[in-house]
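This report describes one protein model for a reader who has not seen it before. Please look over the sequence and the structure first.

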Amino acid sequence: MVLGMANTRKVTVTLPIAMLDSVRRLVEAGQAPSVSGFVQHAVGMALDDVTGWETALDAALGSTGGELSARERAWADGVLGLGQQSGAA
């Protein structure tokens, strides 16, 4: 097993060909350690973004009166283009 791989699990991820080609070019140019390394970094960044937005939203809601009403949530979903999604909470 490769050092640092003890707490990892291999998964299959589907990417558009152009996106994968771009990642491979970065690896070939030495700007990313590997395709897996790039994807791990990207996922980590995305998780940090989500956590940061959740923290910022919680702070904003706390300072403006709490949770969104159903009407406010519907407006926000419309602005964000989320609409009704199956299985959404």
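## A nonpolar patch and its surroundings

Val 11, Val 13, Leu 15 and Met 19 together make a nonpolar surface patch of about 360 Å². The model shown is a predicted one. Within the patch, Leu 15 sits in the segment before helix α1, which spans residues 17–28. Leu 15 has a relative accessible area of 33% and is therefore partly exposed, since that class lies between buried, under 20%, and exposed, over 50%.

## The chain as a whole

The protein chain holds three helices and zero strands. Read from the N terminus, its elements follow the order α-α-α. How many of the residues count as buried? Of the 89 residues in the chain, 6% do. The chain exposes about 7,900 Å², and 60% of this area is supplied by carbon and sulfur atoms.

## The second largest pocket

The second largest pocket contains about 400 Å³ of space. Twelve residues line this pocket, and those closest to its centre are Arg 9, Lys 10, Val 11, Ser 36 and Gln 40. Val 11 is also one of the residues that make the nonpolar patch. Which element gives the largest share of the lining? Helix α2, residues 35–64, does so with four residues. By type, the lining divides into seven nonpolar, three polar and two charged residues.

## The salt bridge and helix α3

The count of salt bridges in the model comes to one. Its partners are Arg 73 and Glu 67, whose closest N and O atoms are 3.9 Å apart. This distance counts because the rule asks for a side-chain nitrogen of Lys or Arg within 4 Å of a carboxyl oxygen of Asp or Glu. Are the two partners buried or exposed? Arg 73 is partly exposed, whereas Glu 67 is exposed.

The table sets out the relative accessible areas given for single residues.

| Residue | Relative accessible area | Class |
|---|---|---|
| Leu 15 | 33% | partly exposed |
| Arg 73 | 40% | partly exposed |
| Glu 67 | 60% | exposed |

Helix α3 covers residues 70–80 and is hardly covered by the rest, with one buried residue among its eleven. Just after helix α3 comes Gly 81, which takes a positive phi of about 75°.

How values were computed
Residues numbered from 1 in each chain as written. Predicted model: local features only at pLDDT ≥ 70, side-chain atom pairs only at ≥ 80, totals over all residues. Heavy atoms only, no water. Patch = residues over 30% accessible without salt bridge, like charges linked within 9 Å, V, L, I, M, F, W, Y side chains within 5 Å. Areas by Shrake-Rupley, 256 points an atom, 1.4 Å probe, with all protein chains shown as cover. Helix = DSSP H or I, 4+ residues; strand = E, 2+ residues; numbered from the N terminus. Buried < 20%, exposed > 50% of the residue type's maximum accessible area, 1.4 Å probe, protein only. 1 Å grid on protein atoms, 1.4 Å probe; cavity = no way out; pocket = protein on both sides within 12 Å on 5 of 7 lines; lining within 4 Å. Points joined across faces, edges and corners; volume = space filled by probe spheres on them. Nonpolar A, V, L, I, M, F, W, Y, C, P; charged D, E, K, R; others polar.
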